[in-house]
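Let's go looking for empty space inside a protein. Have the sequence and the 3D view ready, and follow along as we visit the hollows one by one.

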Amino acid sequence: MKIVIFGLTISSSWGNGHATLWRGLCRALAKRGHRVVFFEKDMPYYAANRDFFELPGGDLILYQDWDGIRRQAGMELKDANVAMVTSYCPDGIAAGDLLLTAPRATRVFYDLDTPVTFSRLDAGEPITYIGPHGLGNFDLVLSYTGGQALGKLQAELGARRVAPLYGHVDPDVHRPVHIIQHYVSDLSYLGTYAADRQDALQRLFIDPAARRPDQRFLIGGAQYPDTFPWQPNIHFVRHLPPPEHPAFFSSSRLTLNITRQAMAEMGWCPSGRLFEAAACGAPILSDCWEGLDSFFEPGKEILIAGRTEDVVAALDLTDTELKRIAKAALERALEEHTSERRAMELEILLEGSSSLSPSTGGRAAMMEA
C-alpha cells in the first residue's frame, strides 16, 4: 500500500508524543512492504529540535506553507491507497478537504488526542484540525482512545466507522540496555510538563521525594517552569530524545506514569510511555483510569498509585518483587503492544474500510502494490 499522511510531526519529539509513535508505526509498515509519505509543516520549534530526518521505506516531506505544497500533495494522493489526516495537523482542515478528493484512497482521520478534542468541543473552543462538517466524510476514523470515545466520535462528530488504534512500542528502539549512572534513580518520571498533571505529580512524586530524602528521584522532560517545586533529591534531565529513553528506563528502579487529566477522565487512553517503559524492563507505577487493566494487569504487570502512601509502599518493595513485575510487563508489551502489532491491526481495519468504500475500488485496490 501507499499511505499518505498529513500529521503534526514525525521529525521532532520535542514536547509531543506523536513523533515516537509515528516512527515506530512507519518503520513497522515499511517492514511489511508498505510505503508511507508523511507531510509535516516545518514549524520553527520542531525544526530547532529535530531528531529524525529520513523515513525508512518512505518519504518525509517538510513544507513551509499549505499553498506551496498543495499541488505536490494532490499528486501524491492520485495513486495513494490510503489518505490520512491527524489531530493537531497544522493544516488539518485543508488537508482533510484535499484527501476527500483522492480518487482511489481509503480516507482516514486519526485522532491521537481524542480526549482533548472533546474537552475543546465541550468548552466551545475551536478545533483547528476538524472542519465544520465533522468526520462524516471519512471512510474510517481511528482513535488513540477507546471506550466511550468511540461512541462520542460517532454521535457528536458524525464518524461512520470508528476503531481504536492504541499506542505501541518499537522493541528495536526501546529495549533493556546497560544502566547509565547519570540516569540511576529509585523513582523516575519521564514526561513533558503539563499543568493538568501537576497535582498528581505533587502527590505521587514530589511528596514521596520529601518523605524519602535519602533516595534519588529523577525527572526527564521539557518545558518545566522555574517555579516548579524542586526538592534537593529530585534531579532533572531536560528533554530526553527517544534514543535516550531506554537508558533512562533501564536505569530506573521504578518509574512513574501520570496520565493527562482529560485522558484519565475519558479512560482507555494508555500513554506511549507505558509501553516504552515496559519494553525497557522498568517496573511501572501508574495512576489509575478506566481500561488500564486491559493493557497491563494491576499487581502482576503494573503497580497502581493514587496516594503518596502508595508510592512509598512501592518504593519499599524488594528488588525481586519489582523485577517480577517488570518481567511480566515486558512479556505483555512484546506480545500485544508492539508497533508491528499495531501495523497489523491497521491493515485489517483498512482492508475492512476499503471493502466498504466505493472510492477505493474495493479490497483489490487496497491490497495491490
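## A question to start

How many nonpolar, polar and charged residues does the lining of the largest cavity have? Keep in mind that this is a predicted model. The lining of the largest cavity has 2 nonpolar, 5 polar and 2 charged residues.

## The enclosed cavities

Rolling a probe the size of a water molecule over the atoms shows where empty space is left. In this model, there are 3 cavities of 30 Å³ or more. The largest cavity has a volume of about 40 Å³.

To find the largest cavity in the 3D view, look for Thr20, Leu21, Gly24, His168, Val169, Asp170, Gly272, Glu276 and Ser339, which line it. Two elements, helix H1 (18-31) and helix H10 (272-279), give two or more residues to this lining. Helix H1 gives the most, with 3 residues.

## The largest pocket

Now let's turn to the pockets. The largest pocket holds about 1000 Å³ of space. Its lining is made up of 48 residues, and those closest to the centre are Gly15, Asn16, Gly17, Arg197 and Arg260. Sorted by class, the lining of the largest pocket has 24 nonpolar, 18 polar and 6 charged residues.

Several helices and strands help to build the wall. At least two lining residues each come from H1, strand E8 (187-190), strand E9 (217-221), helix H8 (245-250), strand E11 (255-257), helix H9 (261-266) and H10. Which element supplies the largest share of the lining of the largest pocket? That is H10, with 5 residues. You have met H10 already, since it also gives two or more residues to the lining of the largest cavity.

## The second largest pocket

The second largest pocket offers about 290 Å³ of space. Here 20 residues form the lining, and Ser250, Ser252, Arg253, Pro283 and Lys323 lie nearest the centre. By class, the lining of the second largest pocket divides into 10 nonpolar, 5 polar and 5 charged residues.

Which elements each supply at least two residues of the lining of the second largest pocket? They are H8 and helix H12 (319-336). The largest share, 4 residues, comes from H12. H8 is a familiar name too: at least two of its residues are in the lining of the largest pocket.

Terms used. Residues are numbered from 1 along each chain as its sequence is written. This is a predicted model: local features need pLDDT of at least 70, side-chain atom pairs count only at pLDDT 80 or more; totals for chains, interfaces and linings use all residues. Side-chain values use heavy atoms; hydrogens and water are left out. On a 1 Å grid over the protein atoms alone, a cavity is a set of points where a 1.4 Å probe fits but cannot get out, and a pocket is an open set with protein on both sides within 12 Å along at least five of seven lines; lining residues have an atom within 4 Å of a point. Grid points are joined across faces, edges and corners, and a volume is the space filled by probe spheres set on the points. Ala, Val, Leu, Ile, Met, Phe, Trp, Tyr, Cys and Pro count as nonpolar, Asp, Glu, Lys and Arg as charged, and the others, Gly among them, as polar.
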